[in-house]
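Here are some short exercises to work through with the structure open beside you. Try each task before you read its solution.

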Amino acid sequence: MTDRVAVLAGWGADAPDRIVTNSELENSLDTTDAWITSRTGIHERRWADPGTSTGDMAVRAGRMAMRRAGVTRVDRVVLATTTPDHTCPATAPWVAHQLGLGTVPAYDVAAVCSGFLYALAGAREAVLAGSADTVLVIGADRFTSIVDPADRSTAVIFGDGAGAVVIRAGTPGEAGTLGDVVLGADGSQSDHIMVRAGGARQPLAPSTPHGDRYFAMRGPEVFSAAVSRMANAAATALDRSGWTTKECDWLVAHQANWRILAAVGRAIGIDEDRVVCDLDRFGNTSAASIPMALAHHAAGFRTGDRLVLAAFGGGTTWGATTLTWPEQTGRPPAATDRTEVLPKLTR
Ligand code: COA
């Protein structure tokens, strides 16, 4: 199957309607708009209402990506998430059912903020091996279900949302081709990003300490590891595709913090005006952040543009890949689609 490549065919994104501004957070937390903006670049984020789950957002983003790709069937569904609708079972089978996909294989991938690239790697391998011709890859997280709203160090950073892409088999040289996906993990840092209780090691009990019930992060350590891991992985992915950084048009990295994105760009030689950013509007949406950023900025990419994608997250885990932007085939978004179109990027 060496004459096959995996090609991006469609994309979509969904985010809750509720916009939570930095000023609103000033009312409930010991924080300021100035601190959040200067330390993270985030101005606002979306919070899901109590009736909206990760799966609900994943279905909407997945439907948009399939519509954009012009397909009504796919051969499998992979959902990257840290906030599945239930501890058991996985959320992907329910999402596939909601999308009318019958009994196609559907499974979740857990790699926190790197989850989308981990899921994409599996999808690409399935396409290259010939075991699937089309795969729906979704990144979706309702991080507000695990973030302590009273913890200023995390509550200001995370938002809820979903992004999705359809990957299909294509022929070498086609616009839209995905390069090798570089992946890595370092379990010696597993406690750097963690929800301590609620799993098999520490089941929830009435005596569980408050802080152990929620997402906790060692911010400064995560910051420096995110920069170095994403920069190294992106450089390797570029190298494997035979592209220099000058030949690369856009860096689409996990939307964690503008200072992290700018530092990754600097480390690999990509100027800030080529670093795609939507975290100012959506915050850190974990596994959803890369496919959301792709969908939000799709109108600004030209066919053949060269993108490098990179992510870092809990585990710790990281990944990177390259992508040429495909022809804008398929159907345009439906009137009911909620994907935001952000102002056109210029370079
Ligand atoms: N408002 C005001 N002050 C805050 C605050 C907030 N929301 N959150 C933390 N602070 C305070 C801290 O208490 C600390 O005060 P102190 O110096 O009196 O102890 C000070 O700000 C600096 O805290 P620190 O954690 O060192 O800040 P930072 O510059 O590293 O920024 C993060 C914090 C979380 C924004 C940053 O570390 C980061 O982005 N880390 C990576 C996050 C990430 O990418 N996570 C997703 C997984 S990839």
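**Exercise 1. Locate His254 and describe its surroundings.**

Step 1. His254 sits in the loop that runs between strand 11 (250-253) and helix 8 (258-268); helices (H or I, at least four residues) and strands (E, at least two) are DSSP runs, numbered from the N terminus. The model is a predicted one, in which local features need pLDDT of at least 70, side-chain atom pairs count only at pLDDT 80 or more, and totals for chains, interfaces and linings use all residues. Residues are numbered from 1 along each chain as its sequence is written, and side-chain values use heavy atoms, with hydrogens and water left out.

Step 2. With a relative accessible area of 2%, His254 is buried (buried means under 20% relative accessible area, exposed over 50%, partly exposed in between; 1.4 Å probe, protein chains only).

Step 3. Leaving aside residues up to four places away in sequence, His254 touches Cys113, Asn284 and Ser289, among others; contact means heavy atoms within 4.5 Å. The side chains of His254 and Ser289 are joined by a polar contact of 2.7 Å (a pair of N or O atoms within 3.5 Å; within protein, one must be able to donate a hydrogen and the other to accept it, and residues adjacent in sequence count only if both atoms are side-chain atoms).

**Exercise 2. Find the residues that UniProt lists for "active site".**

Step 1. The unreviewed UniProt entry lists Cys113, His254 and Asn284; such annotations may be inferred rather than shown by experiment.

Step 2. These residues are spread over 172 residues of sequence, yet they cluster in space, with a largest C-alpha distance of 8.8 Å.

Step 3. Now look at Cys113, in the loop between strand 5 (106-109) and helix 5 (115-129). Cys113 counts as buried, at 9% relative accessibility, and its contacts include His254, Asn284 and Phe312.

**Exercise 3. Which parts of the chain does the salt bridge between Asp14 and Arg60 tie together?**

Step 1. In this salt bridge, the closest N and O atoms of Asp14 and Arg60 are 3.1 Å apart (the rule asks for a side-chain nitrogen of Lys or Arg within 4 Å of a carboxyl oxygen of Asp or Glu).

Step 2. Asp14 lies in strand 1 and Arg60 in helix 3 (residues 54-69), so the pair ties together parts that are 46 residues apart in sequence.

Step 3. Asp14 is buried at 1% relative accessible area, whereas Arg60 is partly exposed at 27%.
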